[in-house]
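Me: I have a model open and would like a close look at one part of it, the sheet. Please describe how its strands are arranged and then what packs around them.

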Amino acid sequence: MTTRAESQPDVERVLDVFKALANPVRLQVLQWLREPARHFPVDRAIADPVEVGVCVSHIQEKTGLAQSTVSAYMAELQRAGLVRATRVGKWTHYKRDEARIAEFVAVLGHTL
């Protein structure tokens with residue numbers, strides 16, 4: 001049997017992910033990032049969107065939101081462990097962190 005102290009970090013991680021996904025735009029972006037070549041302009045990419053991630057400017061363009069809003073949304077997804085950020089020149093690229101997402105799903109299965 002796990003104690004309250006042992007399960008608390010897992011519960012906090014689950015809550016962080018739920019908070020990040022509670023915003024419909026953040027959830028949509030995470031879904032788009034699952035298939036970046038399908039949802040973003042690969043021909044205009046300065047890095048491989050599958051290997052490196054999608055440029056924040058392309059995410060901003062697709063959402064139609066202000067760059068600062070998109071950056072804040074992506075930072076929230078990164079804090080929750082759902083995406084990884086990589087700098088390419090002056091641009092930040094985002095990619096889903098599939099290992100962390102799988103870990104979250106496993107933790108969720110044990111938590112609920």
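Reply: The sheet is open and has three strands in the order β1-β3-β2, with antiparallel pairing. The model is a predicted one, and what follows is read from its atoms.

The edges of the sheet are taken by β1 (54-55) and β2 (83-88). Each of these has a single partner strand, so one side of each is left without a neighbour in the sheet. In the order of the sheet, β3 lies between β1 and β2.

Take the pairing of β1 first. Strand β3 covers residues 91-96, and two bridges join β1 to it in the antiparallel sense. V54 stands opposite Y94 in β3, and the bridge partner of C55 is H93, also in β3.

On the other side, β2 and β3 are antiparallel and pair over six bridges. Here T86 stands opposite H93, and R84 has K95 of β3 as its bridge partner. H93 therefore appears in both pairings: it is the partner of C55 and it stands opposite T86, with β1 (54-55) and β2 (83-88) at the two edges, so that each edge strand has a single partner. β2 and β3 form a hairpin with two residues between the strands, and in this hairpin G89 takes a positive phi near 65°.

As background to reading any such strand, side chains in a regular strand alternate between the two faces of the sheet.

Next, what packs on the sheet. Helix α2 does, and it touches β1, β2 and β3. The direction of α2 makes about 80° with that of β3. Helix α2 consists of residues 24-34, and it also has contacts with two other helices, α4 and α5.

The axes of α2 and α4 (residues 56-63) come within 12 Å and cross at roughly 120°. At that angle α2 and α4 are oblique to each other, and the crossing is right-handed. From α2 the contact uses V25, V29, W32 and L33, and from α4 it uses I59, K62 and T63. Sorted by class, the contact of α2 with α4 has five nonpolar residues, one polar and one charged.

Helix α5 (residues 67-79) packs against α2 at an angle of about 70°, with the axes 10 Å apart. This makes α2 and α5 roughly perpendicular to each other. V25, R26, V29 and L33 in α2 meet Y73, M74, E76 and L77 in α5. Six residues of the contact of α2 with α5 are nonpolar, none is polar and two are charged. V25, V29 and L33 of α2 thus take part in the contact with α4 and also in the contact with α5.

Helices α4 and α5 also pack on each other, with their axes 9 Å apart and at an angle of about 115°. They are therefore roughly perpendicular to each other, and their crossing is right-handed. V56, I59, Q60 and T63 in α4 meet Q67, V70, S71 and M74 in α5. The contact of α4 with α5 divides into four nonpolar and four polar residues, with no charged ones. I59 and T63 of α4 are in contact with α2 and with α5. M74 of α5 likewise meets α2 and α4.

Now the place of the sheet in the chain. The protein chain has six helices and three strands, which follow one another along the sequence as α-α-α-β-α-α-β-β-α. Of the contacts in the chain with a separation of 6 or more, 54% are between residues 24 or more positions apart. Buried residues make up 32% of the 112 residues. The C-alpha trace spans about 55 × 25 × 25 Å along its principal axes.

One residue ahead of α2 is worth a mention. A22 is found in the loop between α1 (4-21) and α2. The relative accessibility of A22 is 61%, so it counts as exposed. From A22 to F40 there are 18 residues in sequence and 23 Å in space, C-alpha to C-alpha.

Conventions
Residues numbered from 1 in each chain as written. Heavy atoms only, no water. Axes fitted to C-alpha atoms, helices over the stretch in contact; angles between N-to-C directions. Helix = DSSP H or I, 4+ residues; strand = E, 2+ residues; numbered from the N terminus. Parallel < 35°, antiparallel > 145°, perpendicular 65-115°, else oblique. Left-handed = near helix turned anticlockwise from the far one by under 90°. Contact = heavy atoms within 4.5 Å. Nonpolar A, V, L, I, M, F, W, Y, C, P; charged D, E, K, R; others polar. Pairing = 2+ DSSP bridges. Buried < 20%, exposed > 50% of the residue type's maximum accessible area, 1.4 Å probe, protein only.
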